[in-house]
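Grab a pencil and have the viewer open. Here are a few short exercises on helix ends, charged pairs and helix packing, each with a worked solution.

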Amino acid sequence: MTRPDPIARLATAQAQRASEGLLRRLRSAEDSAAGMITLGGRQLVNFASNDYLGLAHDPRVVEALRDGATRYGVGAGAAHLLGGHHAAHEELEHELARWTGRERALLFSTGYMANLGVVSALLRNGDRCVQDKLNHASLIDAARLAGCELRRYRHAHVDGASRQLDVPDNVALLLATDGVFSMDGDIAPLVQLAEVANASDATLMVDDAHGIGVLGASGAGSLEHAGVSANNAPILMATLGKALGNFGAFVAGSTELIDGLVQFARSHVYTTALPPALAVATHIAVNIARDDHERRAKLHHNITVFRAAAQARGLNLMPSTTPIQPLLVGSSEAATLLSQQLEQAGYFVPAIRPPTVPEGAARLRITLSAAHGEEQIDGLINALALELGGSLA
Ligand SMILES: *Cc1c(COP(=O)(O)O)cnc(C)c1O
């Protein structure tokens, strides 16, 4: 018997991926600025960032980080329960709870960890977690870690969700969905999902990584946008590393939920607390995201400008009203080539290929930001139209 060598097996899988032309490449940016990225010595307009409001480079946020580091040092030094929890964390949690209209909020180091922590604290063997097929990988992994039964329904298909929620009433049910889908940019049918969750006594959890700061009158996200109350969607997870321009994540909900997570969410208990300086910076970012309506309006204006110009050129856009504007290409080779051509023209738009998206659905995932100027958006559309020239109707 020859024992499988797990590292050699990994190398085989990598070779396989390479032979399919699907190898992912790590590149390091030499520099970045609002809406810009420097790669290979060239400054490109960045249409790949999730920094939708341009807050990562906002001078007030940068200065808050510096001030926070001066006051608290760089690292938290310990887990939250062992001295790592600082006043800055506490204040940020209060602000996030207020913003999202919930009793309490709890910080996590990343969105991935927040999803793992929440679902595995809530569900166990014998329970069922019902999820949209296009949910983020971290929600899928969370259900696997919890050891519950995972059922996935066809993307945005409320009837499918409803059918999968039909189980005996001794089974705990969690219905989990992205608020905004990260590779398609569309918004989940939250009103209807809340209805079917209610009808089955299931608990609705929304991962609003791409909705927070972007949607809703005060930027509180897709639930505010849809008018779904905290009662009807008791668990909200959102990240601090996208529209808020920082790093980390939080879960917001009832006191009962948050107190339970402090005890039982292992990815919160057994990890070093977020650097308190980041909590200081994020706090400022939250205030700007909530109060600077013009910035949010600029983002939505950019989305409108982009879609109008793309449609005028016959580009194959997907139905999205959010900053995520995928351009469906199809084959991985064509998507990769188009991405390279755009880079030559000065625009950074990476190709998204299987297994991140379904086979035959490779795309350019174009993301827009309030930091973009209209001339940059026009430039991108012109470059796209030029490259796609022949293949356009
Ligand atoms: C980015 C993302 C996450 C993960 O958040 P991180 O803080 O980057 O770990 C979770 N869910 C969705 C939908 C995301 O887009």
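**Exercise 1: the ends of a helix**

Which residue caps the N-terminal end of H1, and which backbone nitrogen does its side-chain oxygen lie 2.9 Å from?

Solution. Bear in mind that this is a predicted model.
- Start at the N-terminal end: the cap is aspartate 5, with a side-chain oxygen 2.9 Å from the backbone nitrogen of isoleucine 7.
- Now check the length. H1 has 14 residues, and at 1.5 Å a residue they should span 20 Å. The end C-alpha atoms are 20 Å apart, so the model agrees with the expectation.
- Finish past the other end: glycine 21 follows H1, and its phi is positive, near 70 degrees.

**Exercise 2: a salt bridge across the sequence**

Find the side chain that meets glutamate 343 in a salt bridge, then work out which parts the pair ties together.

Solution.
- The partner is arginine 27, at 2.7 Å from N to O.
- Glutamate 343 sits in helix H13 (residues 332-344), while arginine 27 is in the loop between helix H1 (6-19) and strand S1 (31-33), so the bridge joins parts 316 residues apart in sequence.
- For accessibility, the cut-off for buried is under 20%. Glutamate 343, at 15%, is therefore buried, whereas arginine 27, at 33%, counts as partly exposed.

**Exercise 3: buried or partly exposed?**

Take two more salt bridges, arginine 363 with aspartate 184 and arginine 151 with glutamate 149, and sort their residues by accessibility.

Solution.
- Arginine 363 and aspartate 184 meet at 2.9 Å, N to O. The arginine belongs to strand S14 (residues 362-367) and the aspartate to the loop between strand S7 (173-178) and helix H7 (190-199), so this pair ties together parts 179 residues apart in sequence. Both arginine 363 and aspartate 184 are buried.
- In the other pair, the closest N and O atoms are 3.0 Å apart. Arginine 151 is partly exposed at 32%, and glutamate 149 is partly exposed at 34%.
- To round off the search, the whole structure holds 12 salt bridges. Asp58, Arg60, Asp292 and Arg295 are linked in a network of them.

**Exercise 4: two helices side by side**

How do helix H2 (residues 59-72) and helix H11 (residues 276-291) pack?

Solution.
- Their axes are 7 Å apart, at an angle of about 150 degrees.
- Angles over 145 count as roughly antiparallel, so that is the label for H2 and H11.
- Last comes the handedness: the crossing of H2 and H11 is right-handed.

Notes:
Residues numbered from 1 in each chain as written. Predicted model: local features only at pLDDT ≥ 70, side-chain atom pairs only at ≥ 80, totals over all residues. Heavy atoms only, no water. Salt bridge = Lys/Arg side-chain N within 4 Å of Asp/Glu carboxyl O. Helix = DSSP H or I, 4+ residues; strand = E, 2+ residues; numbered from the N terminus. Buried < 20%, exposed > 50% of the residue type's maximum accessible area, 1.4 Å probe, protein only. Expected span 1.5 Å × (residues − 1). Polar contact = N/O pair within 3.5 Å; in protein donor to acceptor, adjacent residues only side chain to side chain. Axes fitted to C-alpha atoms, helices over the stretch in contact; angles between N-to-C directions. Parallel < 35°, antiparallel > 145°, perpendicular 65-115°, else oblique. Left-handed = near helix turned anticlockwise from the far one by under 90°.
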